[in-house]
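I opened this entry to look up how the helices pack and where enclosed space is left. My notes follow the structure.

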Amino acid sequence: MRAFGQLDDPALLLVLVQSVALSALCFAALAAGGFWLVHHLVADQGVLGDLASSLGGLAVLVAALYLFVPIAVVIAGLFLQPVCRAVERRWYPGLPPAVGASMLSQSWAGLMIGLRVSVLSLLSLLVSIFIPGPGQVLGWLITAWAIGRGLFAAVAMRRMSRRDADQLYYRQRGAVVLQGAALTLCGAVPLLNFLLPVIGPAAMVHLVSSVAAVKLPGPTGFITPGHKSETFN
């Protein structure tokens, strides 16, 4: 709710406009490519071809909605830094500049997030087709885990090493998966899903800050629970 409440922030509005434009372009390209493929496969097949084309078009829209979530996660990775800085500037002004894992590690983690969510989204789509009902629930849980795990690691690595981010995730994976489930629901709602590249990282900043940081008196800033000798940069 804090993430939604900050959508009036000029810094986030700029990112929102850019991410929505890119998301809409990707969604249109995905849908157009699918429609072209279906029409190409069933062209000149008479009435049955027209019926297959209509059913195929519906299937393309469903697939596009499923695949839009991993696309939105990839886009979120592109705009991760400005979103996180805007949230920290409003809610956590006492934090020093972020110094965490190397940019190479963060870039690689972002790429892996997109690939993981893409593969798992495709698998969940297949499960939903062959096992209607329970398959959709299972697919939603899989996607929730992938989004929560990926975005949490990406945000946490801005202020700690990959190893510390992983350890923090394993201690707080219940809260991370719940946050991922909420974001997955947002990604399944048309129009609302265009906000995912901004809402996702913004929400994860609050989650990472709430589970990773303990405020200490004086200028020492924040430390991670269980790592009292290390500052939370």
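**Helix packing and cavities**

I looked first at α8 and α9, and found that their crossing is right-handed (clockwise turn of the near helix from the far one by less than a right angle; anticlockwise would be left-handed). Helices here are DSSP runs of H or I with at least four residues, numbered from the N terminus. I note that this is a predicted model, in which local features need pLDDT of at least 70 and side-chain atom pairs count only at pLDDT 80 or more, while totals for chains, interfaces and linings use all residues. Residues are numbered from 1 along each chain as its sequence is written, and side-chain values use heavy atoms, with hydrogens and water left out.

**α8 with α9.** I read an angle of about 160° for this pair, with the axes 11 Å apart. Axes are lines fitted to C-alpha atoms, for helices over the stretch in contact, and angles run from 0 to 180 degrees between N-to-C directions. α8 is therefore roughly antiparallel to α9 (over 145 degrees; under 35 is roughly parallel, 65 to 115 roughly perpendicular, the rest oblique). For contacts (heavy atoms within 4.5 Å), I listed A175, V176, Q179, G180, L183 and G187 on the α8 side. They meet L196, I199, G200, A203, M204 and L207 of α9. By class I have eight nonpolar, four polar and no charged residues in this contact. Nonpolar covers Ala, Val, Leu, Ile, Met, Phe, Trp, Tyr, Cys and Pro; charged covers Asp, Glu, Lys and Arg; the others, Gly among them, are polar.

**α6 with α8.** I next took α6 and α8 (residues 173-188), whose axes come within 7 Å and cross at roughly 115°. The two are therefore roughly perpendicular. I logged the crossing of α6 past α8 as right-handed. The α6 residues in contact include W140, W145, R149 and F152, and those of α8 include V177, A181 and L185. I counted 11 nonpolar, four polar and one charged residue in this contact.

**α4 with α9.** I found α4 (residues 80-91) packed on α9 at about 45°, with the axes 9 Å apart. α4 and α9 are therefore oblique to each other. α4 passes α9 in a right-handed crossing. L80, V83, C84, V87, E88 and W91 of α4 meet V198, P201, A202, V205 and H206 of α9.

**Cavities.** I searched the whole structure and got three cavities of 30 Å³ or more. A cavity is a set of points on a 1 Å grid over the protein atoms alone where a 1.4 Å probe fits but cannot get out, and lining residues have an atom within 4 Å of a point. The largest holds about 70 Å³. Ten residues line that cavity, and E88, V155, R159, V208 and S209 are the closest to its centre. α9 (196-212) gives the most to this lining, with three residues. I sorted the lining into six nonpolar, one polar and three charged residues.

Notes: On a 1 Å grid over the protein atoms alone, a cavity is a set of points where a 1.4 Å probe fits but cannot get out, and a pocket is an open set with protein on both sides within 12 Å along at least five of seven lines; lining residues have an atom within 4 Å of a point. Grid points are joined across faces, edges and corners, and a volume is the space filled by probe spheres set on the points.
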